[in-house]
Amino acid sequence: MSSDSEVEMDIKPVVEEEIFVKPAKKKRQLTDKQKEALANGRAKAKAKRDAIKAKEAEQVAMKKLKKEQKDIEKAAAVEARNKQGKKEKLSQQELAREKVRKMEYDRKYKKYNDKKTEILGKCESVAQFDTINRILSNVSEEDIMDGDKLKHKLHSYIEHTKKYYKNKLCN
């Protein structure tokens with residue numbers, strides 16, 4: 001081999017590798033039966049959560065009402081103790097009359113609070129409970145003691161609420 005000789009090389013064209021594209025997997029689809037079961041499960045869970053919230057709100061409301069009644073009873077007991085000195089000075093007839101008046105007062109007030117508790121216990125939402133409680137808290141002791149006054153006041157609240165919702169629904 002001579003120094004002038006050239007080395008022969010086979011030059012092969014470069015073949016670029018083809019890029020292998022993997023087809024993307026299809027997104028997993030639920031069957032109609034699975035979709036129904038999922039919707040039912042979600043609805044049941046939501047119903048349970050709503051029931052728990054409503055029950056907690058009812059319990060809080062009942063505790064609040066019971067506390068209010070206990071406070072009223074305590075205040076009445078303190079007032080009774082304060083009046084005890086004055087009652088000794090009253091005659092027997094006046095004492096009996098005062099006792100009947102107080103019993104009537106207690107009966108009417110307790111009856112009102114029982115009805116209020118019953119109505120608030122039937123509320124279906126916290127917003128409804130708050131609205132009704134706000135309306136009923138505007139009723140004064142004078143109104144409670146005078147049945148006609150109480151009926152008139154509650155009737156006016158009902159009429160006002162009807163007009164409000166009628167206007168709200170129309171708009």
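## A walk through the helices

Start by selecting helix α2 (residues 92-121) and helix α3 (residues 126-137): their axes lie 10 Å apart and the two pack at an angle of about 160°. That angle makes α2 roughly antiparallel to α3, since anything over 145 degrees counts as such. Bear in mind as you look around that this is a predicted model.

Keep both helices on screen and turn the view until you can see one pass the other. The crossing of α2 with α3 is right-handed. Now show side chains. From α2, pick Tyr-112, Lys-116, Ile-119 and Leu-120; from α3, pick Phe-129, Ile-132, Asn-133 and Leu-136, and you have the residues that meet between these two helices. Colour them by type and the contact of α2 with α3 splits into 6 nonpolar residues, 1 polar and 1 charged.

**Stay on α2: Asn-113**

Next, select Asn-113, which also sits in helix α2. Is Asn-113 buried or exposed? Asn-113 counts as buried, at 11% relative accessibility, because the cut-off for buried is under 20%. To see what it touches, display Gln-69 and Ile-72: Asn-113 is in contact with both, leaving aside its neighbours within four places in sequence.

**Still on α2: a pair one turn apart**

Slide along to Arg-101 and Glu-98. These two form a salt bridge, and the closest N and O atoms are 3.2 Å apart. Why do they sit about one helical turn from each other? Arg-101 and Glu-98 are 3 residues apart in helix α2, so about one helical turn separates them. Switch on a surface and check each partner: Arg-101 is partly exposed, with 42% relative accessible area, and Glu-98 is also classed as partly exposed, at 25%.

**On to the other salt bridges**

Side chains of opposite charge can pair when their charged atoms come close. How many salt bridges does the structure hold? The count is 8, and two further ones are worth a stop.

For one of them, select Glu-142 and Lys-149. Their side chains meet in a salt bridge, at 3.2 Å from N to O. With the surface still on, Glu-142 is exposed, having a relative accessible area of 55%, whereas Lys-149 counts as partly exposed at 36%.

For the other, select Lys-153 and Asp-143, a salt bridge whose closest N and O atoms are 2.7 Å apart. This pair links distant parts of the chain: Lys-153 belongs to helix α5 (residues 147-170) and Asp-143 to helix α4 (residues 141-145), with their positions 10 residues apart in sequence. Look at the surface again here. Asp-143 is buried, with a relative accessible area of just 5%, while Lys-153 is partly exposed at 22%.

**Zoom out**

Finish by hiding the side chains and colouring the cartoon by secondary structure. You should find 5 helices and 0 strands in the chain, so from the N terminus on the elements read α-α-α-α-α. Colour by accessibility instead, and buried residues make up 9% of the 171 residues in the chain; you have already visited two of the buried ones, Asn-113 and Asp-143.

As a last view, draw contacts between residues at least 6 apart in sequence: 52% of those in the chain join residues at least 24 apart.

How values were computed. Residues numbered from 1 in each chain as written. Predicted model: local features only at pLDDT ≥ 70, side-chain atom pairs only at ≥ 80, totals over all residues. Heavy atoms only, no water. Axes fitted to C-alpha atoms, helices over the stretch in contact; angles between N-to-C directions. Helix = DSSP H or I, 4+ residues; strand = E, 2+ residues; numbered from the N terminus. Parallel < 35°, antiparallel > 145°, perpendicular 65-115°, else oblique. Left-handed = near helix turned anticlockwise from the far one by under 90°. Contact = heavy atoms within 4.5 Å. Nonpolar A, V, L, I, M, F, W, Y, C, P; charged D, E, K, R; others polar. Salt bridge = Lys/Arg side-chain N within 4 Å of Asp/Glu carboxyl O. Buried < 20%, exposed > 50% of the residue type's maximum accessible area, 1.4 Å probe, protein only.
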